[in-house]
Amino acid sequence: MSSRSSAYGTQLCLSTPSRTCFGAGLIGGVSLSIALVGVFRGLPAESKTQSLVDLAKDVESRTVPNFTAAIQALQEEFPDHGVVSTDPNELFAYAQSSYSQVPGSPHAVVVHVQGTEDVVKVVNISRRHLVPIVPYSGGTSLEGNLSAPPSGSICVDLSGMNKILAVNESDADVVCQAGVTWNRLNETLKGKGIPLFFPLDPGRGATIGGMISTGCSGTNAVKYGTARGEWILNATIVLPSGEVIKTRQRARKSSAGFDLTKLFIGAEGTLGIVTEATLRLAPLLPTRVAVAQFPDIRVATNAVCDLLNHGAAIQCVEIVDELSIKVLNTFGTSANMWPEKATLFFKFQGSEDVIQDTSRFVKNSISKYGATDYRVASDEQEGELIWQDRRNALFAGLAYRPGCKGWITDVCVPVSRLPDLIQAAKRDFEELGLVAPIAGHVGDGNFHALVLYKDEAELALVREAVNRINRKAIELEGTCTGEHGVGTGKRDYLLSELGEGTVELMRTIKKTIDPDNLFNPGKVCLVSRLRISIAYHGP
């Protein structure tokens, strides 16, 4: 807050968070001037100035976060030991990810909630004291999705909300809380009478809330698509107002109004906090894994395009570059020593006859693209061991250069453009002197690079390489993030990818639902602050 006096009167300027003030209802990048004409007429000059200062302080008290009051209110609302934490180690840990190099500021307080009602209580305290709130679930946060804003925040930890509330076998759906993990959900479903599973598979530790909030996909996307498809039937959301909504009923389809479920998919907690969801399930069919090597990435990708365009019954098809294969061989956990070539890992699905027919079709088709060493697992158990090599690519990469860290990035383009993108990335890595194994979901044009670095000098080169990859993906009609979300790490690329009009519409939606900009602020797209000028004009 600042003040200045002149012959024309006294003016105080106060920069505040986005906040509805004096009934104006103005937010984000708006200068609001309040002119007080003749209100203090007859008062000495020093009294006029003091009155304006008092008014400005009153405005400020209602427009800036009060962390002390918020923490006290949380402790009173949740008196049980351990629910509300201000332990510095915990505040830092809940704002970071061991896999992310996007800096994360620590939270001011962490609240471990158990249900939707608890979240509502936290949101109401957040709103009352204007303290930002950041949801935490699985904690992967590859793009800084869960870090606090610089001023601090309330972290609402949803990982304790891990109840599977209902399994509707005849309808093939399940109702669960946001903290349920992908692996626990599917292990539970295996024990039911009808073999069902939830096919989105971003990673074994992924939680349902995080999967929805980032619009996840994974290796099964070739067959089953992503979270933005029809797998999330509805969601229970706590809005910034503290109101609880359910986005729709449990029916498989609906044409009743806007699709509000999709509004919150990929929103990363900026519009509301997902507390429960109804998920569509798929039949759990037998699978078989196959592997083949290719002369290079381009011909391998062309082979996949050919297979998909001819309707091959493929559940997954993953691409691993020759460096990743070398890394896996060096890692030493596999029973196999793979040829160090561009490699495709397939997963076929269906009855034994379907699997055999698909395998023959795939083998014949890819032979036209120079495929060698085609191998099919003898059964599901052997297939799981082979597929484990694909899963281990990350851990093998991190162990390849002892003492190094890894920056994980992902981009996605139309499938036919994937070779151009990967080749451009490889040239950049070579030019910058970086080691970066590449693996990805070739069936939908998505790849991940694990860029290794040992010190700040190499980290600067990694940032340059990641920037080039993101720009190249957008140039090829793709996206800067296929799966990991925007967070803060990919936020600056949205304008060039989506255009000013689209990004501004996203800001408008954010401002409408969250006028105080309290829900995971600074993530996905920036919402600017409000500047208030309080001025006195008169004698």
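# A colleague's note on helix α12, two voids and some single residues

1. Let me start with helix α12, residues 380-391: its twelve residues reach 16 Å from the first C-alpha to the last, close to the 16 Å expected at 1.5 Å a residue. Please keep in mind as you read on that this is a predicted model.

2. Which residues of α12 are buried? They are Gly383, Ile386, Trp387, Asp389 and Arg390. Looking down the axis of α12, you will find these buried residues within an arc of 135 degrees, so they line one face of the helix. An α-helix has 3.6 residues a turn, so residues three or four places apart point the same way. On the face of α12 turned away from the buried side sit the exposed residues Gln381 and Leu385.

3. The start of α12 is worth a look too. There, aspartate 379 has a side-chain oxygen that reaches to within 3.2 Å of the backbone nitrogen of glutamine 381. Gln381 is also one of the exposed residues on the face turned away from the buried side of α12.

4. Now to the empty space inside the model. How many cavities of 30 Å³ or more are there? The count comes to one. The largest cavity has a volume of about 40 Å³, and its lining is made up of Gly229, Glu230, Ile232, Arg248, Asp259, Thr261, Lys262 and Ile265. Sorted by class, that lining has four charged residues, two polar and two nonpolar. Do have a look at the charged side chains here, among them Glu230, Arg248, Asp259 and Lys262.

5. The second largest pocket holds about 760 Å³ of space. It is lined by 37 residues, and the closest to its centre are Arg228, Ile265, Gly266, Met506 and Val524. By class, the lining of this pocket has 15 nonpolar, 14 polar and eight charged residues. Ile265 is a residue to display in both views: it lines the largest cavity and is among the residues closest to the centre of the second largest pocket.

6. Which helices each supply at least two residues of the lining of the second largest pocket? They are α8 (260-264), α16 (494-498) and α17 (500-513). The largest share comes from α17, with five residues.

7. Threonine 247 ties in with this region. It is found in the loop between β12 (244-246) and α8, and at a relative accessible area of 12% threonine 247 is buried, because the cut-off for that class is under 20%. A polar atom of the threonine 247 side chain lies 3.0 Å from the backbone nitrogen of alanine 235. The side chain of threonine 247 also makes a polar contact of 2.7 Å with that of threonine 261, and Thr261 is one of the residues lining the largest cavity.

8. Two residues deserve a backbone check. Most residues other than glycine have a negative phi. Leucine 130, in the loop between α4 (116-129) and β6 (133-136), has a positive phi, near 55 degrees. Serine 141, in the loop between β6 and β7 (154-157), has a positive phi as well, near 50 degrees. Are these two residues buried or exposed? Leucine 130 counts as buried at 7% relative accessibility, and serine 141 counts as buried at 9%.

9. Next, a pairing across the sequence. Arginine 280 has its place in strand β13, residues 273-280, and at 27% relative accessibility arginine 280 counts as partly exposed. Its C-alpha is separated by 6.7 Å from that of valine 174, although the two residues are 106 apart along the chain.

10. Helix α14, residues 418-432, gives a further pairing through leucine 418. Leucine 418 is buried, with a relative accessible area of 0%. From C-alpha to C-alpha, leucine 418 and isoleucine 297 are 8.8 Å apart in space, against 121 residues in sequence.

11. Lysine 426 also has its place in α14. Where leucine 418 is buried, lysine 426 counts as partly exposed, at 23% relative accessibility. The C-alpha atoms of lysine 426 and alanine 436 are separated by 8.1 Å, and these residues are ten apart along the chain.

Terms used. Residues numbered from 1 in each chain as written. Predicted model: local features only at pLDDT ≥ 70, side-chain atom pairs only at ≥ 80, totals over all residues. Heavy atoms only, no water. 1 Å grid on protein atoms, 1.4 Å probe; cavity = no way out; pocket = protein on both sides within 12 Å on 5 of 7 lines; lining within 4 Å. Points joined across faces, edges and corners; volume = space filled by probe spheres on them. Nonpolar A, V, L, I, M, F, W, Y, C, P; charged D, E, K, R; others polar. Helix = DSSP H or I, 4+ residues; strand = E, 2+ residues; numbered from the N terminus. Expected span 1.5 Å × (residues − 1). Buried < 20%, exposed > 50% of the residue type's maximum accessible area, 1.4 Å probe, protein only. Arc of directions from axis to C-beta. Polar contact = N/O pair within 3.5 Å; in protein donor to acceptor, adjacent residues only side chain to side chain.
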